[in-house]
Amino acid sequence: MRKAAVFGNSGVISVLFETPSGFAIFGYNAFKLTEPEAWKVVWLRAFQTFEDKGCAINKTTVSPQLSTMIRKYVVDGQTLAVGNENYENIIQKCLGIPCVYSHVVNELMWGLKIQMRRLLPAENSELTNEDCFSMSEGMRFLLNYHKFDVNLDMMVTKRIIEMAGVVYECDRCVNKYNTSLRFDAQQLMEISRIDTHDWDLLKLATALKIICDPEDEIPDAQRLFSKRLLKRLMKGAPRYKNRISKYPCLKVYKEMYSARKSRLKAGIVLVSLVERAKKAYEDEQAGKATSDHEIGPDRKKICHGSILS
């Protein structure tokens, strides 16, 4: 309820999004504002092109055309998310509409820019075909969480963003079952004295799958478990009949196994793409360093307009 109280209108806010040729207004649920991939729950309310965006809004005024558009789609008591502090200040001053601008809003705007072609088919600018984007804080955090060690100044391609999204969604698909699987793990300890403390979730789900359906062959079973442990799981299966629900466990295993396969494929592609992007960034930085220290005709270094011996 806290966000609903802060933003008003039951937490539903409007988003003023600047495009290459104009401005769009999206509706958005502020309860999702701090969640990953926040842009996925926006809906378009209006879009207008402007011949001169500098006249539409600047440090001193908001044009009648843009003012009319904003007032039409931002209801009383609703908050408007904007892309910079200048827009926040001038809209609040001229239109009296409460605005919000923050690093979290920046992440939302970043996602909207990437999905511009899909969300705004009416935006025909050549910039909508852009394939490289500046790194966002959220994307850097996600990539560095997976040990990619990327720089905030790096550019990322749409393909990198897509593959990172697949990895994130696959991890989320697995991790959402953490509580229920750890609860069932207690049954393994109580009944079979099997300690699963150091097991990952897929290994645990696989063990439960074996218990629930010991006759079915599982491709990774021999890789995950010793022959002795496999025998204990299958032999002890009848003892779990009234302790573990069969069909929910089978469903969870199937979903997690599929997610892990997709994650592996996406991860292989992501490693290659990120390494390529890092090399391009490093080459660009090396080129800049070389140009900053050019050698003049007299064989002396030229650095920022000065000649250094």
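This is a short dialogue on reading helix packing, a sheet and an aromatic pair in a predicted model.

Student: Where should I begin with the sheet, and in which order do the strands lie?

Tutor: As a general idea, strands of a sheet pair through backbone hydrogen bonds, either parallel or antiparallel. In this structure, five strands form an open sheet in the order 3-2-1-4-5, with mixed pairing.

Student: Which strands are the edge strands?

Tutor: An edge strand is one that pairs on one side only, and here this applies to strand 3 (42-49) and strand 5 (99-100). Strand 5 runs parallel to strand 4 (residues 80-81) and is joined to strand 4 by two bridges; in one place you can follow the pairing by residue, where Ala81 has Val100 as its bridge partner in strand 5.

Student: Which helix packs on the sheet?

Tutor: Helix 5 (residues 103-114) does, touching strand 1 (12-18), strand 2 (22-29), strand 3, strand 4 and strand 5, and the direction of helix 5 makes about 60 degrees with that of strand 1.

Student: What does the angle tell me about how helix 3 and helix 4 pack?

Tutor: Angles of 65 to 115 degrees count as roughly perpendicular. Helix 3 (residues 64-73) and helix 4 (residues 85-95) pack at about 80 degrees, their axes being 12 Å apart, which means that helix 3 is roughly perpendicular to helix 4. The contact brings Ser67, Ile70 and Arg71 of helix 3 to Ile91, Cys94 and Leu95 of helix 4, and by class these residues are four nonpolar, one polar and one charged.

Student: How do helix 9 and helix 10 pack?

Tutor: Helix 9 (residues 178-192) and helix 10 (residues 201-212) have their axes 10 Å apart and pack at an angle of about 55 degrees, so helix 9 is oblique to helix 10. Their crossing is left-handed. On the helix 9 side, the contact is made by Asn178, Leu181, Arg182, Asp184, Ala185 and Leu188, and on the helix 10 side by Leu201, Leu204, Ala205, Ala207, Leu208 and Ile211. Sorted by class, this contact has nine nonpolar, one polar and two charged residues.

Student: How many aromatic pairs are found, and why is the pair of Tyr253 and Tyr257 called stacked?

Tutor: The whole structure holds six aromatic pairs. For Tyr253 and Tyr257, the ring centres are 5.7 Å apart and the planes are at 20 degrees, so the pair is stacked. Both residues belong to helix 13 (residues 246-292), and because they are four residues apart there, about one helical turn separates Tyr253 from Tyr257.

Terms used: Residues are numbered from 1 along each chain as its sequence is written. This is a predicted model: local features need pLDDT of at least 70, side-chain atom pairs count only at pLDDT 80 or more; totals for chains, interfaces and linings use all residues. Side-chain values use heavy atoms; hydrogens and water are left out. Axes are lines fitted to C-alpha atoms, for helices over the stretch in contact, and angles run from 0 to 180 degrees between N-to-C directions. Angles under 35 degrees count as roughly parallel, over 145 as roughly antiparallel, 65 to 115 as roughly perpendicular and the rest as oblique. A crossing is left-handed if the near helix is turned anticlockwise from the far one by less than a right angle, and right-handed if clockwise. Contact means heavy atoms within 4.5 Å. Ala, Val, Leu, Ile, Met, Phe, Trp, Tyr, Cys and Pro count as nonpolar, Asp, Glu, Lys and Arg as charged, and the others, Gly among them, as polar. Two strands pair if DSSP finds at least two bridges between them. Rings of Phe, Tyr and Trp (its six-membered ring) pair if their centres lie within 6.5 Å; planes under 30 degrees apart count as stacked, over 60 as edge-to-face and the rest as tilted.
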